[in-house]
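Me: Please take a close look at one part of this structure for me. I am new to it, so keep the sentences short.

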Amino acid sequence: MEVEETVLDPGFLNSGEAGLPFSPSPLPLSCDLVAGIDEVGRGALFGPVVAAAVILPSSAVAKLMVAGIKDSKKLSSSRRVTLAGQICDLATDWTIGCASSAEIDQLNILQATLLAMKRAVLKLNVRPQLCLVDGNQPIKNLQVPQQTVVKGDQTHVSIAAASIVAKVWRDSLLIRLASKYPLYNLEEHKGYATQKHLLALQQYGPSRLHRKSFRGCQFGSHSSEPHSLEPLL
């Protein structure tokens, strides 16, 4: 039975999932495995959109709070890397899902983002009883109950954890890709639309891993770039 748009009362969120300050409302005993879902790279001009799914045991929440977990955008790069390591060590399970530049161009960025989120959930070895999805768009055809949470990375520990893991994973990928696409200084901006990146696009045109449907990439194309992202995923 499809439960893709199951809407749960936010009052079901417990102290381990309700953010800062945390709500005292408990989760039902039947809902112990909660996966936080978040994405990174939605606004970039280059490379995949990346989502993470993270299931945290209740014992991990206090440890991550003490460690200073918060929305990945509010953390320094070095702090994100440290926290990502802690999250992955403490998590019951965590996974990464991606949607490629070609899929973004074919589907549009919203649908590609939801596809990356769905792939992350489906790769989990532990089936969650509930997915907390950052934003206001439910994941289509997901066979797990889900709750969308606007700005969830600011209010839910598991979503904040997913945002950090996704950000660190994607940054690492872009640093590796920078050596294959040296014209674009990817190690500096991770594919986002900085002035330096836009100038490189104007000068050299987009690579095969640029998002051709994005306005900033519509300058022509090259044929001398590596063909596939697959060996790096």
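Reply: What follows starts at an aromatic pair and moves outward from there.

This is a predicted model, in which local features need pLDDT of at least 70, side-chain atom pairs count only at pLDDT 80 or more, and totals for chains, interfaces and linings use all residues. Residues are numbered from 1 along each chain as its sequence is written, and side-chain values use heavy atoms, with hydrogens and water left out.

Begin with the rings. Rings of Phe, Tyr and Trp (its six-membered ring) pair if their centres lie within 6.5 Å; planes under 30 degrees apart are stacked, over 60 edge-to-face, and the rest tilted. That rule gives one aromatic pair. The ring centres of Phe46 and Tyr181 are 5.4 Å apart and the planes stand at 70 degrees, so this pair is edge-to-face. It joins distant parts of the chain, 135 residues apart. Phe46 sits in the loop between strand E1 (34-40) and strand E2 (49-55). Tyr181 sits in the loop between helix H5 (157-178) and helix H6 (186-189). Helices (H or I, at least four residues) and strands (E, at least two) are DSSP runs, numbered from the N terminus.

Are these two residues buried or exposed? Phe46 is buried, at a relative accessible area of 0%. Tyr181 is buried too, at 1%. Buried means under 20% relative accessible area, exposed over 50%, and partly exposed in between (1.4 Å probe, protein chains only).

Next comes a neighbour of Phe46. Ser101 touches Phe46, Gly47, Pro48, Leu209, His210 and Arg211, leaving aside residues up to four places away in sequence. Contact here means heavy atoms within 4.5 Å. Ser101 belongs to helix H3 (residues 101-107). Ser101 is buried, with a relative accessible area of 3%. A polar atom of its side chain lies 3.3 Å from the backbone oxygen of Gly47.

Now turn to H5, the helix before the Tyr181 loop. The axes of helix H2 (residues 77-90) and H5 come within 9 Å and cross at roughly 120 degrees. Axes are lines fitted to C-alpha atoms, for helices over the stretch in contact, with angles from 0 to 180 degrees between N-to-C directions. From H2, the contact includes Arg80, Val81 and Leu83; from H5, it includes Ala161, Ile164 and Val165. By class, this contact has nine nonpolar, no polar and three charged residues. Ala, Val, Leu, Ile, Met, Phe, Trp, Tyr, Cys and Pro count as nonpolar, Asp, Glu, Lys and Arg as charged, and the others, Gly among them, as polar.

Key: Polar contact = N/O pair within 3.5 Å; in protein donor to acceptor, adjacent residues only side chain to side chain.
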